[in-house]
Amino acid sequence: MSQKTILITGASSGMGKAATELFAQRGWLVFAGARRVEKIPTGDNIHPMHLDVCDHNSNLAFVAGALTQQTRLDVLLNNAGYGEFGPLEEVPLASARKQLETNLLGAADLAQIVLPIMRRQGYGRIINNSSIGGDLYTPLGGWYYVSKHALNTWSDTLDSEIRSFGLRSVIVEPGGTQSNWLSIAMDHAKANLQPDSAYRQLTDTVGGLYSHSSFMTGATSEQLAEVFYQAATAKRPKSRYYHACTDRLMANFARIHPELFRHGLNLAVDFALKMHRFDSNEAEPETED
């Protein structure tokens, strides 16, 4: 049997980098794509390649480059993505478009390129790295959550269309991760604030909530790479994969009970804002008359 092949996007850091190393260690031929090729792992079974998922020609070259060295294509792992955080009133729409191009349309473009190949083969699987944010939301992450909700719907719809060809499209929904993803997202949130922003206090408050939450102590990239591997190799793949039961519970609760989730979220944010104001007042130095 010939060596199995996987295409991985966003392979220069985090989950994509860990997945590149794991699949290669387990004998798969890995074509690893990222804009920063020098940060992609090297070694046996790994072919680092330049890739910008927002560029159609780059996506075409990525797939073509893989096929010149291998005749089969088993899995496409759409992993590339980032969080364009910030208040919806102030995030520039150009940044919103870049968020959708990266997190959703790049995956869709690559799928359109590889699906004819997979149909001719009679086998193949597309794994889309989404987030529990594909089912829930918090303040400041609006465009990110829009992209992940859309990715979930796109993947589910695609799965319903390609199953009859022996192909599948499945979703992995990570929760909190031990990475710098959230700090980068909050950097975006601060950068997107206007100089006289009415949302500065909300941004500080939400940043504080995240810093004390499970988002900072969640799964490692290596643990999530194992979830990708499970999604790639399961004989009867599920539509959703999670690392932890808590991730599954949070996503399911938000999806099944949207009003309860919204109410609970608003209570938590209101309480955090009150505490932030209280702490700010306590920190103000006393002045003498």
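The legends below accompany close-up views of a predicted model.

**View 1. Strand β5 and the two faces of its side chains.**
Strand β5, which spans residues 124-129, is mostly covered, with six of its six residues buried. Its residues alternate between two directions: G124, I126 and N128 point one way from the strand, while R125, I127 and N129 point the other way, and the residues of both sets are buried. Charged and polar names such as R125 and N129 thus appear alongside I126 and I127 in the list of buried positions on this strand.

**View 2. The pairing of β4 with β5 and the connection through α3.**
Strand β4, made up of residues 75-78, pairs with β5 in the parallel sense, and the pairing extends over four bridges. Within this pair, V75 stands opposite R125 in β5. Between the two strands the chain passes through helix α3, residues 93-121, and the resulting β-α-β crossover from β4 to β5 is right-handed.

**View 3. The pairing of β5 with β6 and the connection through α4.**
Strand β5 also runs parallel to strand β6, residues 167-172, and six bridges join the two. At one position of this pairing, N129 stands opposite V172 in β6. Here the chain leaves β5, passes through helix α4, residues 142-162, and arrives at β6, again as a β-α-β crossover that is right-handed.

**View 4. Two loop residues with positive phi, N45 and L140.**
Most residues other than glycine have a negative phi. N45 has a positive value, near 75 degrees, and is a residue other than glycine. N45 belongs to the loop between β2 (29-34) and β3 (46-50), and because its relative accessibility is 26%, N45 counts as partly exposed. L140, likewise not a glycine, has a positive phi of about 85 degrees. L140 is placed in the loop between β5 and α4, and with a relative accessibility of 6%, which is under the 20% limit, L140 is therefore counted as buried.

**View 5. The largest pocket and the residues around its centre.**
The largest pocket holds about 1100 Å³ of space. It is lined by 45 residues, of which S13, A80, G81, Y82 and W181 are the closest to its centre. The elements that contribute two or more residues to this lining are α1 (14-25), β2, α3, α4 and α5 (181-191), and α5 supplies the largest share, namely five residues. Sorted by class, the lining of the largest pocket comprises 19 nonpolar, 21 polar and five charged residues.

**View 6. The cavity lined by residues of α3 and α4.**
The count of cavities of 30 Å³ or more comes to one, and the largest cavity holds about 70 Å³ of space. Of the 13 residues in its lining, N78, N79, A80, T102 and A107 are the closest to the centre of the cavity. Helices α3 and α4 each supply at least two residues of this lining, and α3 gives the most, with five residues. By class, the residues that line the largest cavity are divided into five nonpolar, seven polar and one charged.

**View 7. Polar contacts of the buried residue D74.**
D74 is found in the loop between α2 (56-67) and β4, and because its relative accessible area is 8%, D74 is buried. A polar atom of the D74 side chain lies 2.9 Å from the backbone nitrogen of T5. The side chain of D74 is also joined to the side chain of R72, through a polar contact of 2.5 Å.

**View 8. N103 of helix α3 and its contact with S147.**
N103 is part of helix α3, and its relative accessible area of 2% is the reason why N103 is described as buried. The side chains of N103 and S147 are joined by a polar contact of 3.1 Å.

Conventions:
Residues numbered from 1 in each chain as written. Predicted model: local features only at pLDDT ≥ 70, side-chain atom pairs only at ≥ 80, totals over all residues. Heavy atoms only, no water. Buried < 20%, exposed > 50% of the residue type's maximum accessible area, 1.4 Å probe, protein only. Pairing = 2+ DSSP bridges. Right-handed = clockwise from strand over helix to strand, strands pointing away. 1 Å grid on protein atoms, 1.4 Å probe; cavity = no way out; pocket = protein on both sides within 12 Å on 5 of 7 lines; lining within 4 Å. Points joined across faces, edges and corners; volume = space filled by probe spheres on them. Nonpolar A, V, L, I, M, F, W, Y, C, P; charged D, E, K, R; others polar. Polar contact = N/O pair within 3.5 Å; in protein donor to acceptor, adjacent residues only side chain to side chain.
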